[in-house]
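Please find below a short note on the model under discussion. The points are numbered for ease of reply.

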Amino acid sequence: MLPAGFLAALLVVAVQPPDEQQKDRPKSRAEAWQPMFDRAAEAYAIYRDREHSQRLQVHTAPLYKWKAASAGDGLFGSVYVWTYRGCPESVASLWRSVEGKTSLMKHELHSLSEALLEAEPVPGHPWTPKAGLPREPIDSAPTPAAKAPARLAQMRRLANTFSGYTEAAGDVRRELRLLPAPLYRYESTDPDVVDGALFAFVCSVGTDPEAFLLLEARQTAEGPRWRYALARFSHADTFISFDQNPVWKSVRGVDDTFAHSADYTYVLLNEPVAEPEPPAAEK
């Protein structure tokens, strides 16, 4: 028979809570980076006017988290949106990359606003687009429905009418896949904007957004009508069609570079950072 003291010691070990530091340690590298992404998004102060009287609201919870299929545990990111009166005005993907021995946080931003945005200086990350992002009419689209659920169904059908692909060096073509659900549904308080949603096209070899599709029901002289806008989020040449007819492209050139579009509505910025504490599995 075991001594009573030994049994009591076993009981204490059995009910003892796990080490708090071990319990709170991130379970993956992506989880370890997530607070860094969140803080970086919150640090941006973006305005839709030069007087800085109309500040955009950042949605601190990421809309979407992605991971490159071929990069193991090393290439991943989160997507954030900034809104004004409930309408998306800017979108960003913050992601991890390693170049040589340097860890980088990539800041990939695109204006979704028809206004000229301006970011209050964030150390190392100035951003002042030179143009807005215009909306284009969808002449073949039905009149926006009267009720919100029916309008969402219309937007899903319209979004699926768009298709696209990218072309990289060596004529490597990759088809784009539309995510089935919008990343963001408008909560508009603007009387001119009836409804809208932000959709994402992702790469065929991962879930990294390569382009964003904005669908918007706006008031016109003839009543509400559907409009769209497209935003580049790829370093590769990108081509989008509607109903199999080409409607938009983003092609690299002297002015439209890997790091920015010609009008700076798109930018890709690098921030060297220290790696966070490794996940428990790597300890």
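**Notes on the predicted model**

1. The model is predicted, and the remarks below should be read accordingly. They concern one histidine, the cysteines and one sheet.

2. His260 is located in the loop that links strand 17 (245-250) to strand 18 (266-272). Although placed in a loop, His260 has a relative accessible area of 17%; because the cut-off for buried is under 20%, His260 is classed as buried.

3. Which residues does His260 touch, leaving aside those up to four places away in sequence? They are Arg232, Asp255, Tyr266 and Val267. In addition, the side chains of His260 and Tyr264 form a polar contact at 3.3 Å. Glu108 is 152 residues from His260 in sequence, yet the C-alpha to C-alpha separation of the two is 9.4 Å.

4. The structure contains 0 disulfides. Cys87 is buried, with 5% relative accessibility, and Cys203 is likewise buried, with 10%.

5. Strand 17, which precedes the His260 loop, belongs to an open sheet of 4 strands in the order 10-9-16-17, with antiparallel pairing. Strand 10 (172-175) and strand 17 are the edge strands; each has a single partner strand, so one side of each lacks a neighbour in the sheet. On average, neighbouring strands of this sheet are turned by 25 degrees against each other, direction ignored.

6. Strand 16 (residues 237-242) and strand 17 run antiparallel and are joined by 5 bridges. Within strand 17, Ser250 is the bridge partner of Thr238.

How values were computed: Residues are numbered from 1 along each chain as its sequence is written. This is a predicted model: local features need pLDDT of at least 70, side-chain atom pairs count only at pLDDT 80 or more; totals for chains, interfaces and linings use all residues. Side-chain values use heavy atoms; hydrogens and water are left out. Helices (H or I, at least four residues) and strands (E, at least two) are DSSP runs, numbered from the N terminus. Buried means under 20% relative accessible area, exposed over 50%, partly exposed in between (1.4 Å probe, protein chains only). Contact means heavy atoms within 4.5 Å. A polar contact is a pair of N or O atoms within 3.5 Å; within protein, one must be able to donate a hydrogen and the other to accept it, and residues adjacent in sequence count only if both atoms are side-chain atoms. A disulfide is a pair of cysteine sulfur atoms within 2.5 Å. Two strands pair if DSSP finds at least two bridges between them. Axes are lines fitted to C-alpha atoms, for helices over the stretch in contact, and angles run from 0 to 180 degrees between N-to-C directions.
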